[in-house]
Amino acid sequence: MKLGILLGSFDPIHIGHLCMAQNALNENLVDNVIFVPAYQNPWKSKSTDYGNRYCMTKFAIKNMKKCSISNIELDTPEPHYTSDTLKYLKEIYPNDELYLLIGEDVHNDISKWHEGEWILSNFKFIMYSRNVYNISSTEIRNLIKENKQIYPLVPESVCEYIAINNLYK
């Protein structure tokens, strides 16, 4: 089976992330997609609580066929490097082909990551241009701070979760 892996802070998850997964499925590039929220990105000083980001991701994909979420980052050692998460995924899915779904801009930085060369040599990549999904979680957080509309940039369930939990204010 071909598994697409979509790693990210998802702070918050947005339509660009969802479209990447759905396109990979619709184009038959992968059979299933696993969303893996980062516990704490070692390159970012502060992220929203993992539990909130995990819940938002779970709500965002609940109606997407062939998509699931993994809390595997809870089992990886600090500082939660992507390479550790990917090694663990290779152990869990030894008979599957693992594809990383990434933005084209991210691919250029992987060699600078912890064990980046190992990642580049051990995984296949499905890359998407940022021009296609020209949206960022930072932009969404800024819109929230300015009391501006974020739907349809994020699914309705995520909008509701953000409002109920008073996130990003």
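In which helix does Ser157 lie? Ser157 belongs to helix α7, which covers residues 156–164, and the structure in which it is seen here is a predicted model. The points below take up the surroundings of Ser157, then the strand β1 and its partners, then the aromatic pairs, the charges placed over rings, and finally Tyr93.

**Ser157 in helix α7**
- Ser157 has a relative accessible area of 18%, which falls under the 20% limit, and therefore this residue of helix α7 is counted as buried.
- The side chain of Ser157 reaches back to the main chain of another part of the protein, coming to 3.3 Å from the backbone oxygen of Phe59.
- When neighbours within four places in sequence are set aside, the residues in contact with Ser157 are Phe59, Ala60 and Lys62, so that Phe59 appears both in this list and as the residue whose backbone oxygen the serine side chain reaches.

**Strand β1 and its partners**
- Strand β1 runs over residues 2–8, and because five of its seven residues are buried, the strand is largely enclosed by the rest of the structure.
- With strand β4, made of residues 97–103, β1 pairs in the parallel sense over four bridges, and in this pairing Ile5 stands opposite Leu100 of β4.
- With strand β2, made of residues 32–37, β1 again pairs in the parallel sense, here over six bridges, and Gly4 stands opposite Val33 of β2.
- The connection from β1 to β2 passes through helix α1, residues 15–26, and the resulting β-α-β crossover is right-handed.
- As a general point for reading such strands, the side chains of a regular strand alternate between the two faces of the sheet.

**Aromatic pairs and the tyrosine cluster**
- The structure holds five aromatic pairs by the rule applied here, and one of them joins Tyr39 and Tyr50, whose ring centres are 5.2 Å apart and whose planes meet at 40°, so this pair is tilted.
- This pair links distant parts of the chain, since Tyr39 sits in the loop between β2 and α2 (50–61) whereas Tyr50 sits in helix α2, eleven residues apart.
- Tyr39 counts as partly exposed, at 33% relative accessibility, while Tyr50, with a relative accessible area of 10%, is buried.
- Tyr50 also pairs with Tyr54, again in a tilted arrangement, with 5.9 Å from centre to centre and 40° between the planes.
- Both Tyr50 and Tyr54 lie in helix α2, where they are four residues apart, or about one turn of the helix, and Tyr54 is buried, with a relative accessible area of 18%.
- Taken together, Tyr39, Tyr50 and Tyr54 form one aromatic cluster.

**Charges over rings**
- Lys87 lies over the face of Trp118, at a distance of 5.4 Å from the ring centre.
- Lys90 places its charged end over the ring of Phe123, 4.8 Å from the centre of that ring.

**Tyr93 in the loop before β4**
- Tyr93 is found in the loop between α3 (82–92) and β4, and at 27% relative accessibility this tyrosine counts as partly exposed.
- Apart from neighbours within four places in sequence, Tyr93 is in contact with Leu3, Ile34 and Leu98; these residues fall within the ranges of β1, β2 and β4 respectively.
- Tyr93 and Ala21 are 72 residues apart in sequence, and their C-alpha atoms are 19 Å apart in space.

Key
Residues numbered from 1 in each chain as written. Predicted model: local features only at pLDDT ≥ 70, side-chain atom pairs only at ≥ 80, totals over all residues. Heavy atoms only, no water. Helix = DSSP H or I, 4+ residues; strand = E, 2+ residues; numbered from the N terminus. Buried < 20%, exposed > 50% of the residue type's maximum accessible area, 1.4 Å probe, protein only. Polar contact = N/O pair within 3.5 Å; in protein donor to acceptor, adjacent residues only side chain to side chain. Contact = heavy atoms within 4.5 Å. Pairing = 2+ DSSP bridges. Right-handed = clockwise from strand over helix to strand, strands pointing away. Phe/Tyr/Trp six-rings, centres within 6.5 Å; stacked < 30°, edge-to-face > 60°. Lys NZ or Arg CZ within 6 Å of the ring centre and 35° of its normal.
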